[in-house]
Amino acid sequence: MSKLTTQPMLLGRSLARLDWRQYLTLFIFLGLCVVFHFLTLWKLGRPAFISQVNVINVIRQVSIVGIMAVGMTYVIMVAEIDLGVGSLLAVCGMIAALLQRADAGLLASILLPLLVGVATGLFVGLLVTYGRIPSFVATLGVLASYRGIALLISNRGQPVTGIDPSFRFIGAGVLGDVPGLASIPFIKVIPIPIVIFAVVIAVGAIVFQRYPFGRHVAAVGGNATAARLSGINVRAIKLAVFAISGICAAISALILTSRLNMGSPLSGTTMELDVIAAVVVGGTSLYGGRGSVLGSILGAMLIGVLSNGLNLMAVNPHWQPVVKGVVIATAVLLDQLGRRHEE
Amino acid sequence: MAENTPLVEMRNIYKSFGGVHAVEDVTIDLFAGEVVGLVGHNGAGKSTLIKMLSGAYTADSGKIFIDGREVTINNPRDARKYGIETIYQTLALADNLDAPANIFLGRELMRSGYLLNDDAMEAASREVLDRLRLNLPSVKEKVVNLSGGQRQAVAIGRAIYFNAKILIMDEPTAALGPEETAQVGELIHQLKKEGLGIFLISHDLHDVFDLSDRVSVLKNGALVGTVHTADVTKDDVLAMIIAGKLPEVATTPKSAQA
Ligand SMILES: Nc1ncnc2c1ncn2[C@@H]1O[C@H](COP(=O)(O)OP(=O)(O)O)[C@@H](O)[C@H]1O
Ligand SMILES: [Mg+2]
C-alpha cells in the first residue's frame, strides 16, 4: 500500500475511534468558533476571529500547552497524573537560556533541556513504580522543588536574557525562514511552533493508535493486572509515559523560552492545570484506559479558542478562569455520567 | 514423549507471603490430554500454586518440569514460551479493549515490523472464536460489553490461538450462569480431545469432579493427596477437602509411581 492511501485511512480510523465525548467536544469547539466569529464581526465590524492572523495566533498559543497535553494523555491513560510539567518547563527553559547566555551553542541548548525532561520523567517513573509513591504525590514534589530550582538558578528570580538570535528560530521563526520555502504563499507564514506542534501530535497520535506501545498503554490503564499477566512490563510502560511527559514539557520550554527571548523562572506557573484540563476536556478519563491524543488536542484547542474569543470580545480577564473552570467541571461530569452509563 | 513422562510436574513447591505459608511442599503433575482438578477451601493455596506455573509468582523453592525437563519460570512470558496459558476467574481481560486486542495483548500481530496489524488480528480472532462457536455481533466491541460466557470464550480463544499445550483455568465458571458453565464444560472436553493438559481449579468440587480425570486436594497450603476420579466418590474427595483425610484408594502422583 502506498503512503498516499494510508494517510487518509489513518485519519478515517482516528475519527472512527473518537467516542461521543470527543464528538461533543468537537461540536462545542466548532460551535464556539461560529459564535465568536459572529460576535467579533458584530462588535468589531471585521472578521477578527476567523482570520488568517488570528487562527495562526490561536494555534501558536495553544501549541505550548498542546504539546504537553500529548505527553499528559499517555500519563492519564495509565491512570497516573503529572503535576510537575509546569515547573519542569521553567527549569528546562532556564537551562536553555543559561546555556544560550554562556554561548554554549544551539545544539547543547536544545539537547540538555530535552535530557533534563526525560531524566525527570524517568525519575518520577521510578518513584511511582519501584518506590510505590502515588504519582500525585511524586509529581507534586516535582512541582514544588523544580520551581525552587528554577528560582535558584536564576539571578534572584530575574529572567535570564542574552539569547542568541539563532535560538529564536524555534519559537519566533516561520517556515519562510527555511531556505527554499520563502516563496511559497501560505506555507511561508506558518510559525515554527505550529510545525513542532504538528509533528508532536502526529508522532503522539500514531504511536498511540498504531504501535504496540500505545495499545499496551491502553491495556495498563484498563486493567494493569491483566496487562501484567499478558506479559506486558507494566513498570516499563509507566516509566515510559512519564519520560514522554517530561520530554514534551522540555519541547514546550524550548518554544516558550525562544519566543519570549528569555528564560523566566516563573514561566509555566499553574500550567499543569491547563494541560490536565485540555486532556480531560478532550475525553480522556482520569480513571485511565480511555482517551486519545487527538481528543486532548481538541480539548486544548477548545480552551484556547475560549480564551482567545473572550480576549477579542474584551471580556474582563478575571472571567476567564471562571469560564475555564466551568468547562472543566462539565467535562469531568460528562465522564462520570458516561462511566455510570457504561456500567 | 514417553508415556510416563508428565507434561508438567511441580515438585516440592514452597511459597510464603510474609509469615503466611501459602504453599508448602506441594507436588502435582499433569499429563497430555488429561484434566486435573485442583480443589480445596478458599485460601488453601490453589491460586498461589498455579501462579508459580503461570509466571505470576516465583516459587521460594521447588522445581518445575515441563516434558521431563527442568525449567525456570520467572514471568508470564517464560510460561508462554513453554506453552502454558492461564485463564483467570477475574482480572483477565482489559475491559476497555476489544476481543482481538485482548486475544493478542502482549504479542500483537505486526505489519512492516513495527505497526499493529489490526486487520489480521481481527480476522484471526474471528476464526478462533468461531472454533469456540462464539458468535459476537461485532468483534470490535469492547469486552466490557460482553457477557460472562463471551468473555471467558475470549480468554480461552487467547490461549488456544497460541497453541497452548498446558491450560490453567482458575475458577473459570465462578462468574457464570448454569448455561454458560455447561458451555465452558464442553469447551474443556474439546480441548482435552485436542491433547491439551488442563489444570482446573475450583473451591467447589461440584464444578470440577465430573470434568476431571484426577483431583489434587490442597488444605492449608499442603497437598492432602491426589486421586483418580474413577476410583473415588465425591464424598471421598469432600472428606479430603474438609478433614484432610485420605481415602483408602488414594493414589500418589502418577510420576512418583514409576
Ligand atoms: N499476594 C499475596 N500476598 C499475601 N498473601 C497472599 C497473597 N496471595 C495469597 N495469599 C495468601 O495465601 C493463602 C492462599 O491463597 P490462595 O492461593 O489465593 O488460595 P485459594 O486460591 O486456594 O483460595 C491465603 O492465606 C492468602 O491470604
Ligand atoms: Mg483462588
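**Exercise 1.** In this predicted model, find which residues ring pairs link into a cluster with A:Tyr74.

*Solution.* Ring pairs join A:Tyr74, A:Phe208 and A:Phe213 into a cluster. Let's look at one pair step by step.

- Step 1: the ring centres of A:Tyr74 and A:Phe208 lie 5.4 Å apart, with the planes at 90°.
- Step 2: planes over 60 degrees apart count as edge-to-face, so this pair is edge-to-face.
- Step 3: A:Tyr74 belongs to helix α3 of chain A and A:Phe208 to helix α8 (residues 192-210), and 134 residues separate them.
- Step 4: A:Tyr74 and A:Phe208 are both buried.

**Exercise 2.** Classify the ring pair of A:Phe36 and A:Phe49, and decide whether each residue is buried or exposed.

*Solution.*

- Step 1: the centres of the two rings, A:Phe36 and A:Phe49, are 5.7 Å apart and their planes meet at 45°, so the pair is tilted.
- Step 2: A:Phe36 sits in helix α2 (residues 20-44) of chain A, while A:Phe49 is in the loop between α2 and α3.
- Step 3: buried means under 20% relative accessible area. A:Phe36 has 6% relative accessibility, so A:Phe36 is buried. A:Phe49 has 5%, so A:Phe49 is buried too.

**Exercise 3.** Now turn to ligand 1: work out how far its oxygen atoms lie from polar backbone atoms of B:Ala44 and B:Gly45.

*Solution.*

- Step 1: for B:Ala44 the distance is 3.2 Å.
- Step 2: for B:Gly45 the distance is 2.9 Å.
- Step 3: the protein covers 62% of the 560 Å² of accessible area that ligand 1 has on its own.
- Step 4: the shell around ligand 1 has five nonpolar, six polar and one charged residues, and its largest share, three residues, comes from α1(B).

Note on methods: Residues numbered from 1 in each chain as written. Chains lettered and ligands numbered in written order. Predicted model: local features only at pLDDT ≥ 70, side-chain atom pairs only at ≥ 80, totals over all residues. Heavy atoms only, no water. Polar contact = N/O pair within 3.5 Å; in protein donor to acceptor, adjacent residues only side chain to side chain. Areas by Shrake-Rupley, 256 points an atom, 1.4 Å probe, with all protein chains shown as cover. Helix = DSSP H or I, 4+ residues; strand = E, 2+ residues; numbered from the N terminus. Nonpolar A, V, L, I, M, F, W, Y, C, P; charged D, E, K, R; others polar. Phe/Tyr/Trp six-rings, centres within 6.5 Å; stacked < 30°, edge-to-face > 60°. Buried < 20%, exposed > 50% of the residue type's maximum accessible area, 1.4 Å probe, protein only.
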